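These are my notebook entries on a structure I was asked to examine. I record each item in the order in which I looked it up.

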Amino acid sequence: MTKIGETIWERLFLLCAIASVVVTVLIFGFMVVLGLPLFKGGHFFYLLTQPWLPSRHAYGIYPMIVGTMFIASLAVAIAFPLSLGCASLISVIAPRPFSRFLRRVVHLMTGVPTVIYGFVGVFLLVPLMRDLFQRGSGMCILSAALMLAVLISPTMILFFADSFEHVPRPYLDAVDALGGRPVQKFIYVMIPCAWRGILTGCILGIGRALGDTLVALMIAGNAIQVPSSPLDSARVLTAHIALVIAADYDSLEFKSIFACGVVLYIFTTIVVLAVRSLGASGRRQEP
Amino acid sequence: MKSKTVWTGLAMALCLLLVSNSGYAGALDAFKDETGSLKIAGGTAHIPVMQEAAKRIMTLNSNIQISIAGGGSSVGIKQVGEGLVDIGNSGRKPTDEEIAKYGLKLFKWATDGVGIVVHPKNSVRALTQAQVMDIFAGKIDNWKALGGEDKGINVYTRDEASGTREVFWEKALNKGEITTRANFVVSNGAMKSAVSQDPYGIGYVSVGHMDETVGPVSFDGVAPTLANVKSGEYKIARGLFSNTKGDPTGLAKKFIDYLFSTEGQEIAAGNGFIPVN
């Protein structure tokens with residue numbers, strides 16, 4: 001390629017990079033500007049602590065923040081052991097043909113649209129939960145978290161498995177030479193070596209669980225109470241935005257969803273920053 | 001060879017046109033020479049009627065494309081006001097501000113009731129207004145208090161954009177509170193499937209949407225039936241509106257005229273609504 005051609009491509013890619021950064025920043029600016037009436041009146045902090053009762057002019061999103069954190073953390077708590085087990089099966093324990101098959105299945109699972117999980121949740125999981133616990137409608141935090149766990153575990157499994165495969169070969173050979181069993185090798189060598197990948201996978205999982213709308217909208221019940229038990233019906237921020245976006249443009253209800261947007265944006269930013277800083281600190285400590 | 005195929009095709013199309021013309025007389029004639037697309041959105045109670053009307057129109061003339069979306073009454077009003085759709089449906093009368101702001105023209109083509117529903121196996125089938133208010137406010141939270149099983153009541157309600165909710169809240173609950181524990185669903189169809197699946201659920205749907213999958217509950221001694229809504233005895237009723245921004249023109253006008261024709265009104269009646277004419 002000629003020198004000029006290279007420069008042109010370079011500029012073009014730079015432009016793309018700048019554009020994507022600008023769009024991200026603009027979106028944040030857009031939400032802040034449209035939510036400005038709320039920020040100005042000092043309502044923003046009220047919003048974070050008040051309940052949601054439009055009929056009494058309270059437009060707080062506190063119940064949704066609690067609901068979101070509850071569902072997302074429970075989902076990750078369920079998905080983590082599941083993913084760790086599955087990843088260890090794929091990269092350590094299972095014989096080669098089976099692990100390859102398993103990996104394909106997991107790849108396939110990453111592509112399943114969330115609405116499918118929502119449907120399965122509504123027609124299989126919700127009645128099951130209702131019969132099992134004999135309390136409430138079955139549309140609850142636990143149902144949504146279980147379904148979300150299934151949704152986020154493929155991402156986590158692939159990340160875990162990848163990091164296991166990057167454990168330096170000599171370490172593993174050393175364990176083999178010492179007569180260690182595969183499970184010992186996994187617990188004492190692979191997990192400590194791959195912890196950074198495991199953490200990254202978890203944080204990405206949290207990010208996905210925070211951002212998912214449809215599963216929670218369909219099976220968490222969307223009640224506006226502050227949830228206190230996993231069997232309570234709850235509403236997450238994204239579902240809240242989806243439910244309220246239909247309100248009149250000029251109403252405070254509508255404006256309050258920009259606050260939701262800002263909160264979600266901040267959550268996601270924190271998650272991304274956490275991934276970055278972990279990655280950085282991990283690299284420094286690498287032997 | 002090629003031209004022959006074209007001619008045969010044309011001849012067949014002509015025959016089809018003639019045949020279908022003789023089959024559909026009257027109200028649908030207006031759509032014969034139309035082409036173009038019509039976008040409809042809003043109230044979910046309207047959807048079955050909209051779909052049937054659209055099906056008949058598009059069967060007659062495949063050059064017309066009619067798309068029907070839900071979203072709820074407020075969405076319908078908002079979208080037609082913003083010019084995103086041609087017809088915005090609402091299961092409540094648009095407010096005076098909405099009418100003034102968007103210059104809406106309202107067309108009420110049917111009346112509908114909003115009925116309280118429970119699971120078909122639930123034995124509680126009659127409630128007073130006070131009981132209904134207490135149930136939805138969360139003060140009565142066990143079916144036993146109403147003569148049913150000793151099980152908690154699961155309240156289902158609709159989202160803020162719903163006209164059905166608006167009417168129910170105003171006329172059945174006297175604008176009273178709805179418990180924060182209530183589950184939210186997003187359409188009449190979703191409400192029906194939620195209640196039909198939950199043995200201890202209670203919710204409310206358009207009378208036109210009621211069928212054997214849910215159990216209707218009498219309100220103050222009056223059953224939510226067509227006849228009772230029609231006679232005015234059943235209190236929780238509302239108009240079904242199709243709204244346009246300014247006077248309707250072109251396809252939108254013809255579509256609304258069709259809803260008011262004998263055939264259109266029959267479709268409404270067939271779907272469990274009370275026609276206006």
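**Entry 1: A salt bridge in chain B**

I began with a charged pair: B:K55 and B:E52 form a salt bridge, and their closest N and O atoms are 3.8 Å apart. I then asked how B:K55 and B:E52 are placed along their helix. Both belong to helix α2 (residues 47-60) of chain B, where they are 3 residues apart, so about one helical turn separates them. Over all chains I recorded a count of 15 salt bridges.

**Entry 2: Confidence in the model**

I noted that this is a predicted model, with an ipTM of 0.73 and a pTM of 0.75. For chain A the average pLDDT is 85, and 93% of the residues score at least 70. Which elements of chain A have the lowest and the highest mean pLDDT? The lowest, 72, belongs to helix α2 (residues 36-40) of chain A, and the highest, 92, to helix α7 (residues 141-165) of chain A.

Chain B also has an average pLDDT of 85, with 91% of its residues scoring at least 70. In residues 14-24 of chain B, however, the pLDDT is below 50, and this stretch has 5 contacts in the model beyond near neighbours in sequence. I added a caution for myself: where pLDDT is low, the predicted coordinates should not be read in detail.

**Entry 3: α2(B) against α10(B)**

I returned to the helix that holds the salt bridge of the first entry. The axes of α2(B) and α10(B) come within 9 Å and cross at roughly 140 degrees. This angle makes α2(B) oblique to α10(B). I recorded the crossing of α2(B) and α10(B) as right-handed.

Which residues of α2(B) and α10(B) meet? From α2(B) they are B:V49, B:E52, B:A53 and B:R56, and from α10(B) they are B:E263, B:I267 and B:A268. Sorted by class, this contact of α2(B) with α10(B) has 4 nonpolar, no polar and 3 charged residues. B:E52 thus appears twice in my notes: as a partner of B:K55 in the salt bridge and as a residue that meets α10(B).

**Entry 4: α9(B) against α10(B)**

Next I looked up helix α9 (residues 250-260) of chain B and helix α10 (residues 262-270) of chain B, which pack at an angle of about 65 degrees with their axes 4 Å apart. At this angle α9(B) is roughly perpendicular to α10(B). The contact is made by B:Y258, B:L259 and B:F260 of α9(B), together with B:T262, B:E263, B:G264, B:Q265 and B:I267 of α10(B). I sorted the residues of this contact of α9(B) with α10(B) into 4 nonpolar, 3 polar and 1 charged.

**Entry 5: α8(A) against α9(A)**

In chain A, I examined helix α8 (residues 169-177) and helix α9 (residues 182-193), whose axes are 11 Å apart and which pack at an angle of about 165 degrees. Are α8(A) and α9(A) parallel or antiparallel? They are roughly antiparallel to each other, and their crossing is right-handed. On the α8(A) side the contact is made by A:Y171, A:L172, A:V175 and A:D176, and on the α9(A) side by A:K185, A:V189, A:M190 and A:C193. By class I found 6 nonpolar, no polar and 2 charged residues in the contact of α8(A) with α9(A).

**Entry 6: B:A126**

Last, I looked up B:A126, which lies in strand β5 (residues 126-127) of chain B. Leaving aside neighbours within four places in sequence, B:A126 is in contact with B:Q131, B:V217 and B:S218. B:A126 and B:T213 are 87 residues apart in sequence, and their C-alpha atoms are 18 Å apart in space.

Technical notes:
Residues are numbered from 1 along each chain as its sequence is written. Chains are lettered from A and ligands numbered from 1 in the order in which they are written. This is a predicted model: local features need pLDDT of at least 70, side-chain atom pairs count only at pLDDT 80 or more; totals for chains, interfaces and linings use all residues. Side-chain values use heavy atoms; hydrogens and water are left out. Axes are lines fitted to C-alpha atoms, for helices over the stretch in contact, and angles run from 0 to 180 degrees between N-to-C directions. Helices (H or I, at least four residues) and strands (E, at least two) are DSSP runs, numbered from the N terminus. Angles under 35 degrees count as roughly parallel, over 145 as roughly antiparallel, 65 to 115 as roughly perpendicular and the rest as oblique. A crossing is left-handed if the near helix is turned anticlockwise from the far one by less than a right angle, and right-handed if clockwise. Contact means heavy atoms within 4.5 Å. Ala, Val, Leu, Ile, Met, Phe, Trp, Tyr, Cys and Pro count as nonpolar, Asp, Glu, Lys and Arg as charged, and the others, Gly among them, as polar. pLDDT is the predictor's confidence in each residue, from 0 to 100. A salt bridge is a side-chain nitrogen of Lys or Arg within 4 Å of a carboxyl oxygen of Asp or Glu.
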